[in-house]
Structures are given as structure tokens and as C-alpha cells.
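Hi,

Here is the structure I promised to pass on. Have a look at it first, and then read my notes underneath.

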Amino acid sequence: MQTALLVGLILAVLWFIEKMLGTPMVIRPIVVSTIIGAVLGDLQTGILVGASLELIFMGFIQVGGAVPPDVLVGAGLGTAFAILSGSGTEAALALALPIALLAQSLKVIVFIVRSWFMDFAMRLAREANIKGLITLNVAGLLLQCAMYFVVGFVAILFGSSAVESFVNNIPKTIMNGLEVAGGLLPAVGFALLLLPMMKKTNILYFLLGFALFAYMELPILGITLFGVVLAFIIVYEMKGKEMDVAVAEGSTNVDDEEDLFDV
Amino acid sequence: MSDEKKKLNKDEKKLMREIFWSSFMLEASYNYERQQALGFSIGMWPAIKRYYKNKNDQAEALERHMNIFNTTPHVVTTITGVATALEKEASQNPKFDKNIINNVKIGLMGPFAGIGDSLFWGTIRIIAVGIGLSLAQQGSILGPILFLLLFNVPHMVIRYYGGVVGYKFGTKIMDQANNSGIMQKISKGATIVGLMVIGAMTASMVKLESSLVFNVGGEKIPMQDYLNQIFPLLLPLLYTIFMYYLLKKGMKPTAILLITIVVGIGGSLLGII
């Protein structure tokens, strides 16, 4: 009972912080799982599960209007179940994803309900009632926090024993398979990140970063620094060429050679 | 140009701080109908209450900013800053066409979402994850702490100074930015760094190895050993590109997640990976 209250509260508070402080990333698994772990008395597992889940959920970010699977609920409940049932990281991985997908649809409902608030918001705006607008804004947030609290509370209260026996009954081969799948899942996240960024013309940068690690095993930070230097070189290069072209031909077209590196 | 070089006076600095503090609730009531509009109009209040003393004018301005709005939350202050400069002009110049304010906002929110998303979600967050994760994987509490710090220090700096820059450049920002190509440069540079980092992280984090063993003349040859000599990590690369291709073809992320789980379990049952 107490555990269920705590988990529900953590989910609600984290979401409140996330949206009151301008999206500071406190709902990412690396943070959520750590906090759940600390509160449930197993900080170490929390951190390790958080690291694994962060990889899998890396690409699930809210960009534009699309609603991604709910990482907060997925990571929070996945970690809580893994710790409460004493099963390791694999169990958290197996549970986090279906939970995140379920919670995604709850989020959609909140977004729809809050659309109905907008008529009221327009009325408040017409009265120049700024206090009312701020109250409404926070109320909309609290509605979602309450949703998270209920989800966390109910899931832990009724779910942990059910989830425990479910996890214990998963055959060994399936667990191995899930481990392999766990290694593969980050590919989906990275593909999602690449989707808006990568084009035929700039795939070389992706390959360069990949090859620097695959063949040389350079640290990510080192590769980032190479990237920054390369970006400077290319951006300045482009400036020189564009200006030349613009001066010479009065057009903004860039030559074919440059196309290969166009972003 | 002289206007932009001019230092902000005391009241303007106070305004910048107010814009900074009012900007955090942008997405509190995010919804499908108007997205971040409620949060944005609240973020405009420091400007509105300063420039319009009449309640009707205040109401008109608040309503104006209740139009649908969506951008990367971390960079919103730049747009608030620009809109603030426009509201100031509108409050002083009766001939000023107030429609311009919303047009400029619409013109800004797209590019800023593009730059903001690739800068914050695609670059700063990925770097923070990359560094935080390597520590967290060893079970160190420094992992999550470093992750939050590495993300939020640039976040706060950009949130504050973005407002200052937006306000200073005012109406001219997009003109100038387009003329000198600053936007394209930032966007291009951020994409290059982002792609390289994603490439490196794909290589370090996606795990796929073949456990196939060929029998050649009684000698057992594990396929992965050969792959390692030619192109280590070729399989993770191919799989990631394949996922990208499926997304590009319009497949839903949740569908390819399920495919990946099936591939993982199926492949391991068949003993090929």
C-alpha cells in the first residue's frame, strides 16, 4: 500500500517538475529509474535499469504533435516491478515497453480533455484574467499528474504480485530472446532520431561517426569533438563557396560537389 | 545595427528576467487544439502588462497569443523576445498592423522547432545521455546527475539569452538571420554533429552478433569472426539502417518495436543471433 502510494507520487511529482520547469528531462528513464530505485531501497538496480531503459527509449521523444510511448510510466513501473519482484534488468525491459505503450493512450486522452479547456481559456483571455489563465494552465497539468498518480498507485497495488508470477513463468528461452531483443531495441530509437535528420546527402556523417567507433573505439565525447570541428570546417567552407557563387553568377545554387554534403 | 549593440536598460533587463521565469510553463496544458498556446500567452504577460495599461488592450493581446503555437520548449524565449519587441512597437505605433505579430510568430516557430529539436533533443540530450550513460552502466549515481547537469546548464543559458537575443533583434531577426545564413549554419552544423554522435552511439549501443557457425571441411568457422575482420559491427549498422528505412516508408514506431522484439526472440530461438 505504502509502496504503491510512493510510486504513484513519484510519477506525479516528476511530471509536475518536468512541465513546470520547461522540460528539464527529469522524466527520462536514466533519472526516473534511479529515483524509483532509491525510494524502493535498491539504488544500484535502479541506476542499472535506468541505463538500459534509457537506451531503448532514446528515440521516444515528443517532437511536434505526435505522442510517443510514455517513457515516464514505462520506466517507472518497469523499474518498480523489477525491484519489487527481485528479478533483474531483463524483467524491467520486458515490462517497460508494453506498459509505456498502454500509458501512451492515456496521455492521448489527457490531450483531448485539455482541448476542451481551451474555450474556457479564450474566455479568460478576453477578460484579461491572467491569474485565471495561470490557474487553468496549472490545473491542466495537475489533471495529468493525477492521472499518473492513479496509474502508478493502481498498477503497483494490484499488479506487483500478478506481474511477479507472470515474470517468473516466462520460459528461459524467451528471456534469452528478450535479452537479444533488448540489445537490438536501441536501433529503433536511433532510427527514430535519424528520421527527421538524415537524408541521402548527409548519410556520410552518420557513417563517419559509426566507423570511428566501430574501427577505433573512440569515446563518444571524442567523436563529438571531431564532429564539432568538422561542422565548423564545413559550415565555413560552404559560406566561402556560396559567396563566390553568388558573386560570380548572382545565384544561390551550390555546385554538385557540395550536394554530397548538403544537410 | 546601433540599436542591437545598445545595452539593455535596467527595466529591459527586468523584463528579460520576467520573460525567462514566465517561459517555463509552456507545455503544462499541452493539448491537441491549441498545443502550447496557453503557456505561450502566459509567457507574453510580462510584455503585455508593461506595454498595455488598458484592460481591453491587454485582453486583445492575450487573445492574439492564444493562437495555436508549437515549438521546442527550450528555445521559446527567443520567440517571446521577438514578439515582445513587436508588441512594444504595436503599443506605441497606432498604424502598426497587429497581424504581423502572429505572422512573425508562425514564421519563427517552425524554424525554431527544427533548430531547437536537433539542438536540444538531437544533440545536447544525446551528448548528455552518452556521458551519463557510461557512468550509469557501471552503477554510478553520477550518471543521472551528470546527465541532468549536462542538459540543463546549456538549457538555462540558452533560455535566458535566447530571450535577450530575440528581443534585441526584434522584427529584424529573421531578415538578418536569413541574409547572413546564420539559421542555416546553425542548423547544418548541429545536424553534422548530431548525425556523427548518433552514428557513434549506434555503433556502441546496438548489439547484434551472429552465432552462425559454418562447417567447412570439418572445420568450424564462426561467421562473426569473419565479419569482425572485415567490418566490425556491420550487423548493428545494417539493422539500424533497416529500421530507418521502415520508418521512412511510413511504418509506425510501435510496429517496428514489435518487429524488433519478434526478431530478437525468433532469432535467438533459431540460434542464428
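Let me start on the outside: A:L43, B:I141, B:L142, B:I145, B:L149, B:V153, B:V157 and B:Y161 make up a nonpolar surface patch of about 720 Å². Helix α8 of chain B is the main contributor to that patch, giving six residues. B:L142 is one of the patch residues, and B:L142 sits in α8 of chain B. Bear in mind throughout that this is a predicted model.

Now the interface. How many residues of chain B are in contact with chain A? It's 95 residues of chain B, against 102 residues of chain A. The area buried between the two chains comes to about 9000 Å², and carbon and sulfur atoms give 79% of that. On the chain B side, B:Y32, B:K188 and B:M196 lose the most area to chain A, yet together they account for 9% of what that side buries.

For the polar part, I get 16 residue pairs in polar contact across the interface of chain B and chain A, counting pairs with both residues at pLDDT 80 or more. Which parts of chain B touch chain A? The elements giving two or more residues to that side are α3 (37-43), α5 (55-64), α7 (99-136), α8 (142-169), α10 (182-205), α12 (234-248) and α13 (253-270) of chain B. Of these, α10(B) supplies the largest share, with 19 residues. By type, the chain B residues that touch chain A split into 55 nonpolar, 28 polar and twelve charged.

On to the charges. Side chains of opposite charge can pair when their charged atoms come close. Between chain B and chain A there are two salt bridges. In a salt bridge between B:E63 and A:R126, the N to O distance is 3.2 Å.

Searching the whole structure gives ten salt bridges over all chains. Within chain A, A:E54 pairs with A:R28, with 3.5 Å between the closest N and O atoms. A:E54 belongs to helix α3 (residues 43-56) of chain A, while A:R28 is in the loop between α1 (2-20) and α2 (29-39) of chain A, so this salt bridge ties together parts that are 26 residues apart in sequence.

That's what I have for now. Shout if anything is unclear.

Cheers

Definitions and conventions
Residues are numbered from 1 along each chain as its sequence is written. Chains are lettered from A and ligands numbered from 1 in the order in which they are written. This is a predicted model: local features need pLDDT of at least 70, side-chain atom pairs count only at pLDDT 80 or more; totals for chains, interfaces and linings use all residues. Side-chain values use heavy atoms; hydrogens and water are left out. Contact means heavy atoms within 4.5 Å. Buried area is the accessible area (1.4 Å probe) that two parts lose on being put together, summed over both. A salt bridge is a side-chain nitrogen of Lys or Arg within 4 Å of a carboxyl oxygen of Asp or Glu. A polar contact is a pair of N or O atoms within 3.5 Å; within protein, one must be able to donate a hydrogen and the other to accept it, and residues adjacent in sequence count only if both atoms are side-chain atoms. Helices (H or I, at least four residues) and strands (E, at least two) are DSSP runs, numbered from the N terminus. Ala, Val, Leu, Ile, Met, Phe, Trp, Tyr, Cys and Pro count as nonpolar, Asp, Glu, Lys and Arg as charged, and the others, Gly among them, as polar. Patches are made of residues with over 30% relative accessible area and no salt bridge: like charges are joined within 9 Å, nonpolar side chains (Val, Leu, Ile, Met, Phe, Trp, Tyr) within 5 Å. Accessible areas come from the Shrake-Rupley method with a 1.4 Å probe; for residues, only the protein chains shown count as cover.
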